[in-house]
Each structure stands twice: as structure tokens, then as C-alpha cells.
Protein chains: 2
Amino acid sequence: MTAAEIVSAYWKACRARDWAAFGELLADDVVYELPQTRERIRGREPYVRFNAEYPGDWDLEPVRITGDARHAASWIRFTVDGGEQTGLGFFDLDDAGRIAHISDFWPVPYEPPPGREHLVERY
Amino acid sequence: MTAAEIVSAYWKACRARDWAAFGELLADDVVYELPQTRERIRGREPYVRFNAEYPGDWDLEPVRITGDARHAASWIRFTVDGGEQTGLGFFDLDDAGRIAHISDFWPVPYEPPPGREHLVERY
């Protein structure tokens, strides 16, 4: 399976709360990082727990998943308690085809800086 | 060229301010979107101008570029006037192998929510 197929299976298992299938996609020593908060989780078991314990009534839907043999990126639409968030992840596989590293980003809305109104439209 | 190779050339041309080479990688009707501000630019010429006019003393370095034949994603480290930002982009090519659509995200640091201290370390 390519990295994009693995990441597709990862989001499918996550969405289904199928933590056994989710965990099988991860390396034992998977490292999960949130560069914005500088939080890091090491190891399959705590990382599965992090997801299983995630609070709120949430769901998700992939918008894009793209990658090559060993690397992939995903863009998901994440809804929780009626709000919508954007999740962007970069994934690296190990030699066994398991997810060894995840960098996860959660960009939020902001006001555009002035000076480019002549080039942009708002949607 | 794969989409990842096109995106690699895109960042190389951007960094070099080689706006002719940069423009050649874009479809005539390229659409650039910033989902966080809901800004959109349509067309090669305004989109090249947007980049060429971007204010400040900036530089960039790709951290990851991954993709398949028609789609790619990149993660860049962007420095401007001494500050560092993270840029994440999703790219779609058209049939001619030119960049037809870009979704660009700029996540910023935030404080982690409470309740997961038992699983995470800070770095």
C-alpha cells in the first residue's frame, strides 16, 4: 500500500473509532507532533489513547490525501460539537509500511492583512 | 514531471524571485485560495504579482514536498523580517501538468487545551 492508501485507512479507522485497526497502521514507536503547541506523543499506545479520549462529539472527512510511496499529506474537515476545523497532517512511513511520524497542524481563520485588495476577492 | 517535482520547481523559482519561471509552472486560469481569510486570486498574472509584491525581506525553505502524478502538498518554513512562519499548501495540476489550484494555509502557535498532559510532552 502507498502512504496515501495507509493514510486513507488511518482516517477511515479513526472516524469509525476502530482503535484496533487504527493502531495496526502505526509503528510501535510512532511519534506524533503538534508543531503549533509543541506537544509530542511517543508510542502507539498513548497515541491511540489520545485519539480515543479526544473530547466532544466529533466527526471528520478527508478533503485531500496525496503522497508517494513513503510520505503523504492529508487535509481533513473536522467537526466537533457543531464547530468546523481544518486539520492538515504530514505522515512518514517506516520500512515496514507503518506510520512512524505525524506532524499535525490546525490552522484557524484570521483577518487578511491590508495591501492586496487589488489582487484578491473574498469568498 | 510529477506534481511533487512541479511544486519543488515552484518553490525554487519563488525563492529565486524568478517570476518568469514561476509563471510558467502555473495554468493561465490558476486559482489560489487562502481558506483561513477566504481570499482568492484568479489568473496567472495577478497571482505572480501577489508573490512578487509580497512585502518584507523574506526567504523560504521546503520542509516536506509529497504527492502523486496530479496532486501534491508542501510544508515550508517561511522567514520574513526575522520572524518564522509555517506555510502548508495543497496543489492540483491540470492535464497539461501546470498548477491549476492552490490551497494555502498558515497555522500559528496556540496554547494546548488542558486534559492531555498525561499523554503529551512539550518540546
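This is a conversation about a predicted model and the terms used to describe it.

Colleague: What should I know about the numbering and the cut-offs before we start?

Modeller: Residues are numbered from 1 along each chain as its sequence is written, while chains are lettered from A and ligands numbered from 1 in the order in which they are written. In this predicted model local features need pLDDT of at least 70, side-chain atom pairs count only at pLDDT 80 or more, and totals for chains, interfaces and linings use all residues, whereas side-chain values use heavy atoms, with hydrogens and water left out.

Colleague: What makes up the secondary structure of chain A?

Modeller: Chain A has 3 helices and 7 strands, where helices (H or I, at least four residues) and strands (E, at least two) are DSSP runs numbered from the N terminus. Along the sequence they follow the pattern α-α-β-β-α-β-β-β-β-β.

Colleague: Why is Arg38(A) called partly exposed?

Modeller: A residue is buried under 20% relative accessible area, exposed over 50% and partly exposed in between, with a 1.4 Å probe and protein chains only; Arg38(A) has 43% relative accessibility, and therefore counts as partly exposed. Arg38(A) lies in the loop between β1 (26-34) and β2 (39-42) of chain A, and has a positive phi of about 55 degrees although it is not a glycine.

Colleague: Why does Asp81(A) count as exposed?

Modeller: Its relative accessibility is 59%, so Asp81(A) counts as exposed. Asp81(A) sits in the loop between β4 (71-80) and β5 (83-93) of chain A, and its phi, near 50 degrees, is a positive value in a residue other than glycine.

Colleague: What makes a positive phi worth pointing out?

Modeller: Most residues other than glycine have a negative phi.

Colleague: Which residues of helix α3 (residues 44-52) of chain B are buried, and how do you know that they line one face?

Modeller: The buried residues of α3 of chain B are Tyr47(B), Val48(B), Phe50(B) and Asn51(B). Seen down the axis of α3(B), they fall within an arc of 155 degrees, so they line one face of the helix; the arc is that of the directions from the helix axis to the C-beta atoms.

Colleague: What do those buried residues pack against?

Modeller: With contact meaning heavy atoms within 4.5 Å, the buried residues of α3(B) pack against several elements of chain B, including α1 (3-15), α2 (19-24) and β6 (99-105).

Colleague: How much of chain A is buried?

Modeller: Buried residues make up 47% of the 123 residues in chain A.
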